Amino acid sequence: MSLIPRFCGGRRSNVVDPFSLDVWDPFKDFPFPNSLSGSVPEFSRENSAFVSTRVDWKETPEAHVFKADLPGLKKEEVKVEIEDDRVLQITGERNVEKEDKNDTWHRVERSSGKFMRRFRLPENAKMEQVKASMENGVLTVTLPKEEVKKTDVKAIEISG
């Protein structure tokens, strides 16, 4: 489970998100070699990744709405899938900009590489009616909710 910032009455608090599958890996974005042999590679643009693809998840009375910031990506470079075990998966890749031998880079801050975010969906999400759209670098995934059936409450008289 991951800690996510949550807004409550204008204040931010850390709340455990029981639906997230994100597992924090403190070494995820370090340029460690894949094997114990060899030296540590130089940190390059090729082995950097989308360090943290930001995704908001809000629940409205009608739907669960996910919004992911994916600046510079086209919809063809992003994949949205729902797995059988009620998991929404958003994946994609931003390719490294081609480098010209005559160019001198002074600063490289934009990320490149693959990303993946996964979210366990609650039982009330209608997975067969999911819709996704992308506009101005923001992916929006909407899953309508099933109506919550209110149970009839019958008062029981207590004798005695």
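Mentor: Two strands pair if DSSP finds at least two bridges between them, and we'll lean on that right away. What you're looking at is a predicted model, where local features need pLDDT of at least 70 and side-chain atom pairs count only at pLDDT 80 or more, while totals for chains, interfaces and linings use all residues. Residues are numbered from 1 along each chain as its sequence is written, and side-chain values use heavy atoms, with hydrogens and water left out.

Trainee: How many strands does the secondary structure of the chain come to?

Mentor: Helices (H or I, at least four residues) and strands (E, at least two) are DSSP runs, numbered from the N terminus. Read along the sequence, the pattern is β-β-β-β-β-β-β-β-β. With zero helices in the chain, the count of strands is nine.

Trainee: In what order do the four strands of the open sheet stand?

Mentor: Let's take one pair of neighbours to begin with: strand 4 (residues 63-69) and strand 9 (residues 138-144) pair in the antiparallel sense over seven bridges. Antiparallel is also the pairing in the open sheet formed by the four strands, whose order is 3-4-9-8.

Trainee: And which strands stand at the edges?

Mentor: Look for strands with a single partner, so that one side of each is left without a neighbour in the sheet. That description fits strand 3 (55-59) and strand 8 (131-135).

Trainee: By how many degrees are neighbouring strands of this sheet turned against each other on average?

Mentor: Axes here are lines fitted to C-alpha atoms (for helices over the stretch in contact), and angles run from 0 to 180 degrees between N-to-C directions. For this sheet the direction is ignored, and the average turn between neighbouring strands is 15 degrees.

Trainee: Which residue in strand 9 stands opposite A63?

Mentor: Strand 4 covers residues 63-69, and its antiparallel partner strand 9 covers residues 138-144. Facing A63 across that pairing is P144.

Trainee: With which residue does E59 form a salt bridge?

Mentor: A salt bridge is a side-chain nitrogen of Lys or Arg within 4 Å of a carboxyl oxygen of Asp or Glu, and the structure holds four. For E59, the closest N and O atoms of its pair are 2.8 Å apart. E59 sits in strand 3, and the partner lies 86 residues away in the segment after strand 9. That partner is K145.

Trainee: Does K145 count as buried or exposed?

Mentor: Buried means under 20% relative accessible area, exposed over 50%, and partly exposed in between (1.4 Å probe, protein chains only). K145 has 16% relative accessibility, so it counts as buried.

Trainee: Which residue does E109 meet in a salt bridge?

Mentor: Both members of this bridge are exposed. Their closest N and O atoms are 2.5 Å apart, and the partner of E109 is R107.

Trainee: How far apart, N to O, are the side chains of K79 and E81 in their salt bridge?

Mentor: K79 counts as partly exposed at 44% relative accessibility, and E81 is partly exposed too, at 32%. In their bridge, the N to O distance is 4.0 Å.

Trainee: Which residues do ring pairs link into a cluster?

Mentor: Rings of Phe, Tyr and Trp (its six-membered ring) pair if their centres lie within 6.5 Å; planes under 30 degrees apart count as stacked, over 60 as edge-to-face and the rest as tilted. The whole structure has three aromatic pairs, among them F66 and F119, tilted at 5.3 Å centre to centre with 45 degrees between the planes. That pair joins strand 4 to strand 7 (residues 113-120) across 53 residues of chain, and both rings belong to buried residues. The cluster consists of W57, F66 and F119.

Trainee: Which backbone nitrogen does the side chain of D100 reach?

Mentor: D100 lies in the loop between strand 6 (87-94) and strand 7, and at 41% relative accessibility it counts as partly exposed. Its side chain makes a polar contact at 2.9 Å (N or O atoms within 3.5 Å; within protein, one able to donate a hydrogen and the other to accept it, with residues adjacent in sequence counting only if both atoms are side-chain atoms). The nitrogen belongs to N102.

Trainee: What phi does N136 have?

Mentor: Most residues other than glycine have a negative phi. R86, in the loop between strand 5 (78-83) and strand 6, has a positive phi of about 60 degrees and is buried at 17%. N136, in the loop between strand 8 and strand 9, is exposed at 75%. Its phi is also positive, near 55 degrees.
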